[in-house]
Amino acid sequence: MSEIFATTGTIAAIATAVVPQQGSVGIVRVSGSQAIAIARILFHAPGRQVWESHRILYGYIHHPKTQQLVDEALLLIMQAPRSYTREDVVEFHCHGGIMAVQQVLQLCLENGARLAQPGEFTLRAFLNGRLDLTQAEGIADLVGARSPQAAQSALAGLQGKLAHPIRQLRANCLDILAEIEARIDFEEELPPLDCKAIISEIDRIAAEITKLLATKDQGELLRTGLKVAIVGRPNVGKSSLLNAWSRSDRAIVTDLPGTTRDVVESQLVVGGIPVQVLDTAGIRETTDQVEKIGVERSRRAASAADLVLLTIDASVGWTEGDREIYEQVQHRPLILVINKIDLVPADVKDKLQSEISNFSLTIFTAAAQNQGIEDLENAILEIVQAGKVQAADMDLAINQRQAAALTKAQISLEQMQNTIVQELPFDFWTIDLRDAIHALGEITGEEVTESVLDRIFSKFCIGK
């Protein structure tokens with residue numbers, strides 16, 4: 001059996017980030033039948049404080065053998081089943097940093113607990129019926145959310161907004177299966193099966209699955225974000241564009257070409273979508289070995305980007321160098337950014353527009369003056385929406401695992417419809433229908449394998 005399934009005994013882990021000289025509070029979480037007993041060994045609550053569920057006690061943590069003071073802390077008690085794992089849970093709320101929480105964790109391990117595996121607290125919550133699998137994945141998404149919209153999508157999953165329609169579709173399939181199997185067992189005692197009604201219901205279920213699948217791409221964007229590479233010749237204003245966009249001085253800006261020698265990254269949020277912006281070295285032929293490395297990295301960054309911002313200098317116009325770079329990146333989704341537009345008169349701008357009329361999306365910016373950034377963001381959202389399906393209710397977005405299971409269910413239902421059209425016996429109908437029911441059950445965890453759980457929960461942090 002997988003190591004992550006070794007869910008017996010009492011577990012402990014640090015439940016907060018451990019950063020030197022940062023964070024005012026650090027939490028050590030303990031779950032299992034011995035959790036409260038371990039807390040009584042380590043924690044002294046002065047006065048007449050009552051040890052009962054859902055109370056916070058104030059006191060001191062001592063080494064049980066030497067009685068040496070380890071920390072002044074708070075103790076939170078949550079008795080089963082009213083806890084995250086539906087087991088007895090205690091949390092030591094210590095001073096932040098490194099030493100206090102690590103010492104408290106070590107004492108817990110020395111007095112009957114073992115170190116939790118990644119995601120084991122949430123795994124226990126799932127196995128004990130506290131959460132279904134979509135809610136567990138929602139917790140992981142919430143912890144890793146990089147924008148308010150991603151957090152809202154994760155909360156929707158945590159609140160069961162995905163599990164409810166999946167369970168309903170599975171229940172509908174089970175009802176159809178019951179109707180068919182009843183005809184197999186009691187064919188002479190029941191009226192004939194209404195095949196048209198069955199096909200109509202299967203069509204409806206398949207349409208609902210299609211709606212859910214339409215949220216996959218947008219959900220993936222909310223979770224992983226969009227990688228955008230700013231490319232162009234040296235000294236066209238790529239670094240100025242990054243600085244204006246990120247409202248920081250992430251990149252060095254000078255009048256000297258070739259200043260940026262490496263890829264500079266900045267994390268932004270555009271229209272609720274996390275965006276990783278890469279400011280690349282100017283692409284040109286050079287004999288400078290260091291700059292050559294930067295140029296090669298720029299090319300790789302452009303090749304790996306979801307979207308390329310090809311930036312040119314308005315005061316110079318469209319050049320042979322710009323054309324060469326365009327030929328290298330034209331296979332990627334692309335926006336042409338004409339920068340330094342503040343340095344040219346209106347007639348030059350009009351001439352530029354006629355020269356680059358073949359580009360579907362062109363944005364004029366004056367990065368040094370913080371002009372054109374809003375237009376750029378709107379163009380990026382236009383690219384995203386043109387290439388991906390917008391869900392009607394974007395607080396609901398499935399992940400790759402859920403999409404794979406829904407696709408499997410959809411294919412099984414299509415195969416069932418073909419079986420009905422071919423007028424094959426009822427036994428053949430049930431084979432595909434059972435496959436669809438199983439696939440839908442995999443999403444919520446009603447039918448799930450050990451390997452699937454291992455894959456999901458091993459991605460969690462240890463304290464969750």
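**Close-up 1. Asn339 is buried in this predicted model.** Its relative accessible area comes out at just 2%, and because anything under 20% counts as buried, Asn339 clears that bar. You'll find Asn339 in strand β12, which covers residues 334–339. Look for its side chain meeting the side chain of Thr365: the two make a polar contact at 2.9 Å. If we skip the neighbours within four places in sequence, Asn339 is also in contact with a whole list of other residues, including Val236, Gly237, Thr311, Asp313 and Ala367.

**Close-up 2. Leu376 sits in helix α13.** This helix takes in residues 373–387. So is Leu376 buried or exposed? With a relative accessibility of 0%, Leu376 counts as buried. Setting aside neighbours within four places in sequence, its contacts are Leu241, Trp245, Leu309, Val337 and Ile363. Thr365 turns up here too: Leu376 and Thr365 are 11 residues apart in sequence, with their C-alpha atoms 8.2 Å apart in space.

**Close-up 3. Here's the largest pocket, with about 580 Å³ of space.** It is lined by 20 residues, and the ones closest to its centre are Ala140, Asp141, Arg223, Asn399 and Lys459. Which helix gives the most to this lining? That's α4, with five residues. Helices α4 (133–143), α8 (216–224), α14 (400–421) and α16 (450–457) each chip in at least two lining residues. Sorted by class, the lining of the largest pocket is a mix of eight nonpolar, four polar and eight charged residues.

Conventions:
Residues numbered from 1 in each chain as written. Predicted model: local features only at pLDDT ≥ 70, side-chain atom pairs only at ≥ 80, totals over all residues. Heavy atoms only, no water. Helix = DSSP H or I, 4+ residues; strand = E, 2+ residues; numbered from the N terminus. Buried < 20%, exposed > 50% of the residue type's maximum accessible area, 1.4 Å probe, protein only. Polar contact = N/O pair within 3.5 Å; in protein donor to acceptor, adjacent residues only side chain to side chain. Contact = heavy atoms within 4.5 Å. 1 Å grid on protein atoms, 1.4 Å probe; cavity = no way out; pocket = protein on both sides within 12 Å on 5 of 7 lines; lining within 4 Å. Points joined across faces, edges and corners; volume = space filled by probe spheres on them. Nonpolar A, V, L, I, M, F, W, Y, C, P; charged D, E, K, R; others polar.
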